[in-house]
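I sat down with this entry to look up its sheet, its nonpolar cores and its cysteines. My notes follow in the order I made them.

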Amino acid sequence: MSYLLIGKPCFNIYADVLKKYGFTPIALEADARLNATVSTHADTLIFSCGDTFIANTDYAHTLPSYIKERITETSDTPHSEYPTDTAFNALILGKNLFARLDSLSGAVLDSAKQAGLVPVNVHQGYARCSTLALGTANAAVTADAGMSRTMSENGVDVLLIKPG
């Protein structure tokens, strides 16, 4: 079964279509500690690395039990103001973990290192939000020039597009 974690506003619009494509969409409730703009973004609420998923303990308890049982819980807590809302927002490409390391959850960083990933610091706190990773290829699309430069310097094939 292919679960797809999506914010409740998108779930309400796209769930039926996603089911037609074989996904089981899971609605993510807003985390009241975060700014409303990002409070339902999956990549701000939950970090995933292979079969490992990490989320704040309080937020994990809002998830359905069949998802919660797959979550490694941490007391690391995102906060409302940028960049402290980016604790779980990191991008994996190849053997690299791109993230704003000074605001990243320690549990995420430890998990990534245990998985053999090399942490790469970027200025963009929303590293995962700002980039479209292209499947299992070491390739990505972004409108963020800083992300593009850092990913390119680390061996990622990047298509830099115009913002907007």
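**Sheet, cores, cysteines**

I began with one bridge pair: Phe53 has Ile71, in E5, as its bridge partner. I note here that the model is predicted.

I then looked at the strands around that pair. Strand E4, residues 52-56, pairs with E5 in the parallel sense, over 4 bridges. The sheet they belong to is open and has 3 strands, in the order E3-E4-E5, with mixed pairing. Strand E3 (46-49) and strand E5 (71-74) are at the edges; each has a single partner strand, so one side of each lacks a neighbour in the sheet. For the twist I noted an average turn of 25° between neighbouring strands, direction ignored.

Next I asked what lies across E3, E4 and E5. I found helix H5, residues 106-114, which runs at about 170° to E4.

I went on to the nonpolar cores. The largest has 13 residues, and I listed those with the most contacts inside it: Phe47, Phe88, Ala90, Leu97, Leu104 and Val108. At least two residues of this core come from each of E3, strand E7 (96-99) and H5. H5 gives the most, with 3 residues.

I picked Leu104 from that list and looked up its contacts. Leaving out residues up to four places away in sequence, I found that Leu104 touches Thr86, Ala87, Asn89, Ala90, Leu97, Ala99 and Leu109. Apart from this core I found another, of 12 residues, which includes Ile46, Leu63, Ile67 and Ile71. I had already met Ile71 as the bridge partner of Phe53.

Last, I turned to the cysteines. How many disulfides are there? I counted 0. My cut-off was sulfur atoms within 2.5 Å. I checked why Cys10 has no bond: the closest cysteine sulfur is in Cys129, and at 12 Å it is too far. For Cys49 the closest cysteine sulfur is also in Cys129, at 17 Å, again too far for a bond.

I also asked of Cys49 whether it is buried or exposed. I entered Cys49 as buried, because its relative accessible area is 12% and the limit for buried is under 20%. Cys10 has 39% relative accessibility, so I entered it as partly exposed.

Notes: Residues are numbered from 1 along each chain as its sequence is written. This is a predicted model: local features need pLDDT of at least 70, side-chain atom pairs count only at pLDDT 80 or more; totals for chains, interfaces and linings use all residues. Side-chain values use heavy atoms; hydrogens and water are left out. Two strands pair if DSSP finds at least two bridges between them. Axes are lines fitted to C-alpha atoms, for helices over the stretch in contact, and angles run from 0 to 180 degrees between N-to-C directions. Contact means heavy atoms within 4.5 Å. A nonpolar core is a set of buried Ala, Val, Leu, Ile, Met, Phe, Trp, Tyr and Cys residues joined through side-chain atoms within 4.5 Å. Buried means under 20% relative accessible area, exposed over 50%, partly exposed in between (1.4 Å probe, protein chains only).
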